[in-house]
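Biologist: Please take a close look at one part of the surface of this model, the part formed by nonpolar side chains. Put it in the setting of the whole chain, for someone who has not seen the structure before.

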Amino acid sequence: MNQLTQSLEREGSSRFVFLSRGLTFLARPSITVWAAIPLRLIVGYGFMEHGFAKLSKGPEVFASILHAIGVPAPHLMAWITILTELVGGLAVLLGAFVPLVSLPMAGLLFVAMLSVHLPYGFSSIKLLSVTSGRAQFGPPGYELDLLYLACLAGLVFGGSGPLAIDRYLRKKRKPRS
């Protein structure tokens, strides 16, 4: 980043120098640790919302969908999916046991991607028409699945960040010197 700043200063472009200094500020470790919080909030809430939607329509409705696409033991898998989305989503939201709950959540995403979204291509937006001033969309592709997977990977490899139960538990286990 320093070489970029020096190069731009030689060229006399003050706008780019200001931008590069701003980007340097964002790269400080004290700032970057906070990046995990919006990831946790969005991913955790997203998973919980999907679980609540399945639960509110009735697990038997979701089980019939699973049966239609050939998933074995659809009633059992419906409940496992709903509980994984609710419990795993809450855990991610709170930053609790994120590496542990991310594995089954990633498994759900892979299954959804391969069994439901893959035939519809990459994009999650399929505008079909606009009627009565409202957009009508087709089935989503696998783009959102990949975004969730990337966020989970970021949380597993980068940590849950501040204000996370994982961080509290880690501090509690650490022997004081």
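Modeller: What follows goes from the whole chain to the nonpolar patch, and then to its surroundings.

The model is predicted, so local features need pLDDT of at least 70 and side-chain atom pairs count only at pLDDT 80 or more, while totals for chains, interfaces and linings use all residues. Residues are numbered from 1 along each chain as its sequence is written, and side-chain values use heavy atoms, with hydrogens and water left out.

The chain has nine helices and two strands (DSSP runs numbered from the N terminus: helices are H or I with at least four residues, strands E with at least two). Along the sequence the order is α-α-α-α-α-α-α-β-β-α-α. Of the 177 residues, 31% are buried (under 20% relative accessible area; exposed is over 50%, and partly exposed lies in between, with a 1.4 Å probe and protein chains only). Among contacts (heavy atoms within 4.5 Å) between residues at least 6 apart in sequence, 58% join residues at least 24 apart. About 11,900 Å² of the chain is exposed, and carbon and sulfur atoms supply 69% of that area (Shrake-Rupley method, 1.4 Å probe; for residues, only the protein chains shown count as cover).

Now the part in question. Phe52, Leu55, Trp79, Leu83 and Val87 make a nonpolar surface patch of about 480 Å². Patch residues have over 30% relative accessible area and no salt bridge, and nonpolar side chains (Val, Leu, Ile, Met, Phe, Trp, Tyr) are joined within 5 Å, like charges within 9 Å. Helices α4 and α6 are the elements that give two or more residues to the nonpolar patch. The most comes from α6, with three residues. Trp79 is found in helix α6; this residue counts as partly exposed because its relative accessible area is 42%.

The structure holds one salt bridge (a side-chain nitrogen of Lys or Arg within 4 Å of a carboxyl oxygen of Asp or Glu). The partners are the side chains of Lys54 and Glu85, at 3.1 Å, N to O. This pair links distant parts of the chain, 31 residues apart: Lys54 belongs to helix α4 (residues 36-57) and Glu85 to helix α6 (residues 74-94). Thus α4 and α6 both serve the nonpolar patch and hold the two ends of the salt bridge. Lys54 and Glu85 are both buried.
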